[in-house]
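Colleague: I am new to this one and would like a close look at a single part. Please start from one residue and work outward to what surrounds it.

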Amino acid sequence: LGICNGFQALVKSGLLPFGTVKSEMDASDATLTYNRIGRHQSLSVRTRVSSVHSPWMAGFEVGEIHTVPVSHGEGRFCAPKKLLDQLAENGQIAFQYVDLLGNATSDIRFNPNGSDLAIEGILSPDGRILGKMGHSERVGDLLQKNLPDATADQLKIFASGVKYFK
C-alpha cells in the first residue's frame with residue numbers, strides 16, 4: 001500500500017502498474033508529476049471506487065463514492081493512452097476523482113491535479129499492490145467536523161489489508 005508519496009515511489013519503481021520493479025523507466029511508462037495547476041493542492045475530494053480486484057478493496061463495492069483529503073504538489077497521474085487503456089481493461093483503476101454527479105472528470109474543481117482518466121489510485125495486475133494519492137489515513141469520526149460528507153469508509157482499505165494478511 002502506498003499513499004501519496006508512497007504511491008509516487010511505487011509508480012517510479014514500476015511496481016505500479018506492472019507489479020515488478022523496472023530497472024529502466026521510459027516515456028511509455030506511467031508517472032506522477034506536477035499538478036496541472038502548477039502548485040500544491042490541499043482539500044477534500046470525492047472519489048469513486050472503480051475496481052475491487054484487490055485484497056485492499058475487499059470491503060468496497062464498485063460505484064461507492066467517498067470524500068477523502070488530498071495534499072500534494074506532484075499528484076497528477078500520467079500515462080500513454082495505450083497504458084491507460086490497458087489499466088482500464090484490466091480493472092487496475094481502483095479510484096477515480098468524480099464530480100457531484102459521480103462522474104469521472106478532469107475538471108480541476110474535482111480532479112485537483114489533472115490526472116489522466118481522473119485516476120486517484122491504481123492496482124498492480126494481481127491486485128496485491130494499491131497506490132493512491134488521497135490520504136485515506138486522514139479520515140475518521142473525530143476528524144473533518146466541518147465536512148459532513150467526509151467518510152471514514154476509506155478506513156476499509158486498512159481493515160481489508162489486515163484481514164488479507166492474517
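Is Val-21 buried or exposed, and what is its relative accessible area?

Modeller: One caution before the answer: this is a predicted model. Val-21 is exposed, because its relative accessible area is 63% and anything over 50% counts as exposed. Val-21 belongs to a loop, the one between α2 (15-18) and β2 (31-33). Setting aside residues up to four places away in sequence, Val-21 touches Ser-13 and Leu-15. Another useful reference point is Val-11. The C-alpha atoms of Val-21 and Val-11 are 9.4 Å apart, and the two residues are 10 places apart in sequence.

Ser-13 and Val-11 take us to helix α1. Both are among the buried residues of α1 (residues 5-13), along with Phe-7, Gln-8 and Leu-10. An α-helix has 3.6 residues a turn, so residues three or four places apart point the same way. What lies over the buried residues of α1? The cover includes α2, the strands β1 (2-3) and β2, and also β5 (76-78), β7 (119-123) and β8 (130-132). Just past the end of α1 comes Gly-14, with a positive phi of about 95 degrees.

Now follow the helix inward. Phe-7 and Val-11 reappear in the largest nonpolar core, which has 23 residues. Together with Leu-16 and Phe-77, they touch the most other members of that core. Several elements feed this core: α1, β4, α3 (81-89), β6 and β7 each supply at least two residues. Phe-77 shows how many parts meet there. Beyond its neighbours within four places in sequence, Phe-77 is in contact with Phe-7 and Val-11, with Ala-30, Thr-31 and Leu-32, and with Leu-84 and Leu-87. Its contacts also include Ser-115, Asp-116, Ile-119 and Ile-122. There is a second, separate core of nine residues, including Val-49, Trp-56, Phe-95 and Ile-157.

Next, strand β7, one of the elements covering α1. Five of its five residues are buried. On one side, β7 pairs with β6 (residues 93-97) in the antiparallel sense, over three bridges. Here Gln-96 has Ile-119 as its bridge partner in β7. β7 also runs antiparallel to β8, again joined by three bridges. Ile-122 stands opposite Gly-131 in that pairing. The hairpin of β7 and β8 has six residues between the strands, and Gly-127 takes a positive phi near 80 degrees there.

Step back to the sheet. Six strands form an open sheet in the order β1-β8-β7-β6-β3-β4, with mixed pairing. Its edges are β1 and β4 (65-72), and each of these pairs on one side only.

Now the rings. The whole structure has four aromatic pairs. One of them joins Phe-60 and Phe-95 edge-to-face, with 5.9 Å centre to centre and 85 degrees between the planes. Phe-60 sits in the loop between β3 (41-49) and β4, while Phe-95 sits in strand β6, so their pair ties together parts 35 residues apart in sequence. Phe-60 counts as buried, at 5% relative accessibility. Phe-95 counts as buried too, at 0%. Each ring also has a lysine over its face. For Phe-95 this is Lys-132, at 4.9 Å from the ring centre. For Phe-60 it is Lys-156, at 5.0 Å from the ring centre. Elsewhere, ring pairs link Trp-56, Tyr-164 and Phe-165 into a cluster.

Last, the cysteines. How many disulfides does the structure hold? It holds zero. The reason is distance: the closest cysteine sulfur to that of Cys-4 belongs to Cys-78, and at 15 Å it is too far for a bond. A disulfide needs sulfur atoms within 2.5 Å. Cys-78 is likewise in no disulfide. Cys-4 is buried, with a relative accessible area of 4%. Cys-78 counts as buried at 14% relative accessibility, because the limit for buried is under 20%.

To return to the start: Val-21 itself is exposed, but it touches Ser-13, one of the buried residues of helix α1.

Conventions. Residues numbered from 1 in each chain as written. Predicted model: local features only at pLDDT ≥ 70, side-chain atom pairs only at ≥ 80, totals over all residues. Heavy atoms only, no water. Helix = DSSP H or I, 4+ residues; strand = E, 2+ residues; numbered from the N terminus. Buried < 20%, exposed > 50% of the residue type's maximum accessible area, 1.4 Å probe, protein only. Contact = heavy atoms within 4.5 Å. Pairing = 2+ DSSP bridges. Phe/Tyr/Trp six-rings, centres within 6.5 Å; stacked < 30°, edge-to-face > 60°. Lys NZ or Arg CZ within 6 Å of the ring centre and 35° of its normal. Core = buried A, V, L, I, M, F, W, Y, C linked by side-chain atoms within 4.5 Å.
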